[in-house]
Amino acid sequence: MKSTEYSHARHTLNVMKGSRARCGARSVLSVMCMRAEFKKPEVTITKKQIGQLTGLERKAVQKALAFLRAEGCIVPVAH
């Protein structure tokens, strides 16, 4: 693999290491990394799906996403 190619595993590791997320936010970040596209760092997932996968209530998911956006770990992208 060329060093200029995207590496899903390397990206996930770097994101998790670089985040200050704890508890719920860390669970949300982990799920988002797990569900990311293999060839690029994009994920399409609903708050409901995140809640189902993490066991978090909707309010906790919203709070976690707000934290991750503020931290810069995730950036919403309109398609």
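Helices of at least four residues and strands of at least two are runs assigned by DSSP, and they are numbered from the N terminus.

**View 1. The helices of the protein chain in a predicted model.** The protein chain holds four helices and zero strands, and a reader who follows the sequence meets them in the pattern α-α-α-α. The radius of gyration of the protein chain is 13 Å, close to the 12 Å that the globule rule gives for 79 residues, so the chain is as compact as a globular protein of that length. Taken along the principal axes, the box that the C-alpha atoms fill is roughly 40 × 25 × 20 Å.

**View 2. The interior and the contacts of the protein chain.** Of the 79 residues in the protein chain, 27% count as buried, a label that stands for under 20% relative accessible area. When contacts between residues at least 6 apart in sequence are considered, 49% of them join residues at least 24 apart.

**View 3. The surface and the charges of the protein chain.** The protein chain exposes about 5,800 Å², and carbon and sulfur atoms supply 55% of this area. The protein chain carries 15 positive and 5 negative charges, and the mean positions of these two groups lie 5 Å apart.

**View 4. Confidence along the predicted protein chain.** The mean pLDDT of the protein chain is 85, and 92% of its residues reach 70 or more. Among the elements of the protein chain, helix H3, which covers residues 47-54, has the highest mean pLDDT, at 96, whereas helix H1, which covers residues 8-18, has the lowest, at 77.

Key: Residues are numbered from 1 along each chain as its sequence is written. This is a predicted model: local features need pLDDT of at least 70, side-chain atom pairs count only at pLDDT 80 or more; totals for chains, interfaces and linings use all residues. Side-chain values use heavy atoms; hydrogens and water are left out. The radius of gyration is taken over C-alpha atoms; the globule rule is 2.2 Å times the number of residues to the power 0.38. Buried means under 20% relative accessible area, exposed over 50%, partly exposed in between (1.4 Å probe, protein chains only). Contact means heavy atoms within 4.5 Å. Accessible areas come from the Shrake-Rupley method with a 1.4 Å probe; for residues, only the protein chains shown count as cover. Lys and Arg count as positive and Asp and Glu as negative; His and the chain ends are not counted. The place of a charge is taken as NZ of Lys, CZ of Arg, CG of Asp or CD of Glu. pLDDT is the predictor's confidence in each residue, from 0 to 100.
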